[in-house]
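The following exercises are intended for a reader who is meeting this structure for the first time. Each task is followed by a solution in steps.

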Amino acid sequence: MAKTPVPRDAVARFLADVRASDPPAQTDAEPNRILFALDATASREPTWDMAMNLHAELFHAAADHRADGDSGDVAVQLVYYRGFDEFHASPWSNSPQDLVRRMTGVLCRGGLTQIQRVLAHTLAEARTVRVKAAVFVGDACEESRAEVVAAAGRLALFKVPFFLFQEGHDPRVARLFQDIARITGGAYAPFATGSADQLRALFGAVARYATRGRSGLREIEHRLARDMLAQLPR
């Protein structure tokens, strides 16, 4: 199967959107919580395996923080849906090994998307703890656009930026993902099917933003992301 073409400036536009948004407030007493949501329906199995191998990127910024003498840490909650109305959310964890244990052995199953439910769950979490950012990786939306957008609007009141990464090139899905990102103050980026390098860079950008705000983006080592970041207005 041919890889989905990705525009040269896709990652640059994602980083530009992040830089243009307000960084989340830093609270030293609490971890930097990142909600990590994945579509685990049947078509997503290759991406699930890739995300499992790359999820530790979300924790790297915590090590950077500690190296600078900061007590900040990263806690990640794994959220996924699959099959007939299956929806799973793990406890918050600051251990990459714990999350990979939870992801290992999960089988993707055919079913409809539950993006509205992901947004509603994120809202419920944000009512009780400070969620610095939410990530969603998927390729489709089979729900009512109006209802999904309304759910994004409710979440926006709690200032949780959503970062949506689209596999594939469905323009209808792209427009919806872009709307969710815009409404919540997050960002959107497509990535090529099977491109671990691109997904790693995008995960790393979210982690650095969640822990260090805009300044953290300067630490991104991915060559494509770094080169394109250098072209952005200062």
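A disulfide is a pair of cysteine sulfur atoms within 2.5 Å. The model examined here is predicted.

**Exercise 1. Cysteines**

Task: Determine how many disulfides the model has by this rule, and state whether cysteine 108 and cysteine 141 are buried or exposed.

Solution. Step 1: Applying the rule gives a count of zero disulfides. Step 2: The cut-off for a buried residue is a relative accessible area under 20%. Step 3: Cysteine 108 has a relative accessibility of 13% and therefore counts as buried. Step 4: Cysteine 141, at 2%, is buried as well.

**Exercise 2. Arginine 44**

Task: Locate arginine 44 in the chain and list the residues that it touches beyond four places in sequence.

Solution. Step 1: Arginine 44 belongs to the loop that joins strand S1 (32–39) to helix H2 (45–54). Step 2: Its relative accessible area is 2%, so arginine 44 is buried. Step 3: With residues up to four places away in sequence set aside, arginine 44 touches Asp39, Cys108, Gly138, Asp139 and Glu167.

**Exercise 3. Strand S2 and its two neighbours**

Task: Describe how strand S2 (residues 74–82) is enclosed and in which sense it pairs with S1 and with S3.

Solution. Step 1: Nine of the nine residues of S2 are buried, so the strand is largely enclosed by the rest of the structure. Step 2: Val74, Val76, Leu78, Tyr80 and Arg82 point one way from S2, while Ala75, Gln77, Val79 and Tyr81 point the other way. Step 3: With S1, strand S2 pairs in the parallel sense over eight bridges. In this pairing asparagine 32 stands opposite valine 74. Asparagine 32, which lies in S1, is buried with a relative accessible area of 0%. Its C-alpha is 5.9 Å from that of aspartate 73, although the two residues are 41 apart in sequence. Step 4: With strand S3 (residues 86–89), S2 pairs in the antiparallel sense over four bridges, and tyrosine 81 stands opposite phenylalanine 87. Step 5: S2 and S3 form a hairpin with three residues between them. Glycine 83, in the turn, has a positive phi of about 55 degrees.

**Exercise 4. The whole sheet**

Task: Give the order of the strands in the sheet and identify the edge strands.

Solution. Step 1: Six strands form an open sheet of mixed pairing, in the order S3-S2-S1-S4-S5-S6. Step 2: S3 and strand S6 (187–191) are the edge strands, since each pairs on one side only. Step 3: From one strand to the next, the twist averages 15 degrees. Step 4: Strand S4 (residues 131–138) and strand S5 (residues 162–167) pair in the parallel sense over five bridges, and valine 135 has phenylalanine 163 in S5 as its bridge partner. Step 5: Helix H7 (residues 171–184) packs on the sheet and touches S4, S5 and S6. The direction of H7 makes about 165 degrees with that of S5.

**Exercise 5. The two faces of helix H4**

Task: Establish which residues of helix H4 (residues 96–103) are buried and which exposed residues its opposite face carries.

Solution. Step 1: Asp98, Leu99 and Met103 are buried in H4. Step 2: Viewed down the helix axis, the buried residues fall within an arc of 135 degrees, so they line one face of H4. Step 3: The face turned away from this buried side carries the exposed residues Gln97 and Arg101. Step 4: Just after H4, glycine 105 takes a positive phi of about 90 degrees.

Conventions. Residues are numbered from 1 along each chain as its sequence is written. This is a predicted model: local features need pLDDT of at least 70, side-chain atom pairs count only at pLDDT 80 or more; totals for chains, interfaces and linings use all residues. Side-chain values use heavy atoms; hydrogens and water are left out. Buried means under 20% relative accessible area, exposed over 50%, partly exposed in between (1.4 Å probe, protein chains only). Contact means heavy atoms within 4.5 Å. The arc is that of the directions from the helix axis to the C-beta atoms. Two strands pair if DSSP finds at least two bridges between them. Axes are lines fitted to C-alpha atoms, for helices over the stretch in contact, and angles run from 0 to 180 degrees between N-to-C directions.
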